[in-house]
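Visitor: I have a sequence and a model open side by side, and I would like to be walked through them step by step. Could you show me the structure and then take my questions?

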Amino acid sequence: MSTTITLAGFGGAVLSEHARNLPEAVGVSVIDAEPGHADLRSLRDRVTVASVPSSPQRKTIYRMGRDAISDTNYWLSWSTIVHAIRGFDGEDTSERTYFTGSGTPKWTDNSIGLAGGAPYPQGTRELAVPAPVAAPQITLTTDGPTGTQSTNFYVTTFVNDLGWESAPSPPSAGLLMKPGAVVAIGDTIPLEAVPAGSYGINRRRIYRTQAGSTNVAEFFFLREVTVGTTSTTDDARKLGAPMEVAGWIPPPADGFGLIALWGGMTTMLAGKRILFSEPDKPYTYPEKYDITTMDKPLATSKWEQNLLVLTTGRPVLCQGTSPESMDDSPLALSQPLASVAGVVEFGHGVCWPSNEGLAYAGASGQANLTLGMLTPAQWKAMVPSTMVAGRYGRFYVCSYTDGGGRKGFMLDPLAPAGMWHLSAGFDACFYDDLAAVLFVLEGGNVRKFDAGERLVAKFTSKRFMQTTPRNFSVAKVVATTFPVTLIITARCLDKDGAERVRTETRTVVNDQAFTLKDGFLADDWQIEVRAPESVQAVRLAMDVRDLKGM
């Protein structure tokens, strides 16, 4: 006959099974405890480090100043779900940052974005260089002296102050000319003005076809003029390199879900399309690279060289080394996305909330991680559409609203043996890779996760069933710091079949054995522990001698 109950190991919580059927180290409730340890160890409180506007409530935070570790500099925030990436131009010293989700695709940097002080970003620019819409007007001024006549065409492009070039204008009318001809460009109809908007356009380029090229539609560089120059001349100069920007259309105004890939590529979504940029050119997304999806795409994420597009239906996996080689295939795990803000990227894979559970796809395979921890009804009661999540070390950290305020949970995607719940949730979050720190947003306060005073961790054990009713009359707690609160619940059935319950709460001040109330026989015992730091074990015994050696 067992004369002791030992609680040790302190794993996560599992709610899908009856409390009597759980493994000994698994609980039915684990709140504000630090996961990943064999002892019960409390998380630390969150520490407020900065503030952002709270009206309207911000749904995205992002920190600039990423070359130095800082809790306070510089917090960008938006009232929509925004996806921001740092540019990968090796010569850029301004921390150029591209983002979608706040109107049209845009960019900012530490010059325009941080000028004037918080709130950030102060200034933004369009992530686009629109193409001229009018064909250039041309007139033959002087034909060439000799040679064979050929019909040539002209196009223009816009170029901004970053050197980004637009797609070409429609081609001009064809002009029959001999080599060495002089042609007026825009002499009767001026070259078109720069479109309104924050594009930074400061010059235009002019291209022309030439006789004898391998393709009559191939254009070659003629000259570059300032944007204020509305007419110019083809003075028979030698043509330069072939034009590269044919088909370089800007990102669509409704583009969203921006993500940086490998090989200098970026990707965004629009309608039912996955768009890929030219390498190292996040401002242009040629249609020839588009992939069309069956279901509406909602979010992008990646691990290694795998792009995962989450949709209203089956996710899509895209793989390739360049935009022209990208290939798509449906994911075997059919888990539609329930919340864009709940998608979290790890080096080994991606987690996202579906309406059936927390889904995972990555190097370790594909799975519903909460299967076996929660029933489908329990998961849905957490309202997955409200989930906002980030990462903290190797853990998925999620906030949700179930009608009783914001709460949260933590889970290890690579070892999903249980859930660790949080007593408080958050409205948005940001993981700082440089500092390996999770920041959460509560209202208008940016708070550093697990950084302040110790919280009180709470662990409620399984229900330990005994073969016969018995009275555990002594107990002992092994902990690093005291006091520790111990709540022991004993249950039994009386002769009429009604359940009798006795609960005893004790404040334990040291690691010495102590007596419990006597005279209550029960075959169902449960232990709740509340502690500010580390508890390694709790043991109940029928006799103090059974606690020797603990």
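**Cores, pocket and sheets**

Guide: This is a predicted model, and a starting point is its largest nonpolar core, which has 44 residues and in which Leu486, Val529, Val535 and Leu540 make the most contacts.

Visitor: Which residues does Leu540 touch, not counting residues up to four places away in sequence?
Guide: Leu540 is one of the residues with the most contacts inside the largest nonpolar core. With residues up to four places away in sequence not counted, Leu540 touches Phe472, Val474, Ala475, Ile488, Leu516, Trp525 and Ile527, and also Thr3, Thr4 and Ile5.

Visitor: How many residues are in the other core?
Guide: Apart from the core of 44 residues lies another, which includes Ile85, Tyr98, Val155 and Met268. In soluble globular proteins, nonpolar side chains tend to be buried together. The number of residues in this other core is 23.

Visitor: How many residues of strand 40 are buried?
Guide: Strand 40 covers residues 484–493 and is mostly covered. Here buried means under 20% relative accessible area, and by that cut-off the number for strand 40 is eight of its 10 residues.

Visitor: What is the bridge partner of Cys492 in strand 41?
Guide: Strand 40 pairs in the antiparallel sense with strand 41, residues 499–508, over 10 bridges, and five residues lie between the two strands in their hairpin, where Gly497 takes a positive phi near 90 degrees. Within strand 41, the partner of Cys492 is Arg500.

Visitor: Which residue in strand 43 stands opposite Thr489?
Guide: Strand 40 also pairs with strand 43, residues 522–531, in the antiparallel sense and over seven bridges. The residue of strand 43 that stands opposite Thr489 is Gln526.

Visitor: Which residues lie nearest the centre of the largest pocket?
Guide: The largest pocket holds about 1000 Å³ of space, and strand 7 (83–86), strand 27 (344–345) and strand 35 (428–432) are among the elements that give two or more residues to its lining. By class, that lining has 21 nonpolar, five polar and seven charged residues. Of the 33 lining residues, those nearest the centre are His83, Ala84, Val343, Glu345 and Phe430.

Visitor: Why is one side of strand 27 left without a neighbour in the sheet?
Guide: Strand 27 belongs to an open sheet of four strands in the order 27-28-29-30, with antiparallel pairing, and two bridges join strand 27 to strand 28, where Cys351 is the bridge partner of Val344. Strand 27 and strand 30 stand at the edges, so one side of each has no neighbour in the sheet, because each has a single partner strand.

Visitor: In strand 21, which residue is the bridge partner of Thr267?
Guide: An open sheet of four strands has the order 19-20-21-22 with antiparallel pairing, and its edge strands are strand 19 and strand 22. Four bridges join strand 20, residues 266–270, to strand 21, residues 273–276. The bridge partner of Thr267 in strand 21 is Phe276.

Visitor: Is Pro323 buried or exposed?
Guide: Pro323 lies in the loop between strand 25 (316–319) and strand 26 (327–330). Leaving aside neighbours within four places in sequence, Pro323 is in contact with Met265, Phe276, Ser277, Pro279 and Tyr289. The relative accessible area of Pro323 is 4%, so Pro323 is buried.

Note on methods: Residues numbered from 1 in each chain as written. Predicted model: local features only at pLDDT ≥ 70, side-chain atom pairs only at ≥ 80, totals over all residues. Heavy atoms only, no water. 1 Å grid on protein atoms, 1.4 Å probe; cavity = no way out; pocket = protein on both sides within 12 Å on 5 of 7 lines; lining within 4 Å. Points joined across faces, edges and corners; volume = space filled by probe spheres on them. Nonpolar A, V, L, I, M, F, W, Y, C, P; charged D, E, K, R; others polar. Core = buried A, V, L, I, M, F, W, Y, C linked by side-chain atoms within 4.5 Å. Buried < 20%, exposed > 50% of the residue type's maximum accessible area, 1.4 Å probe, protein only. Contact = heavy atoms within 4.5 Å. Pairing = 2+ DSSP bridges.
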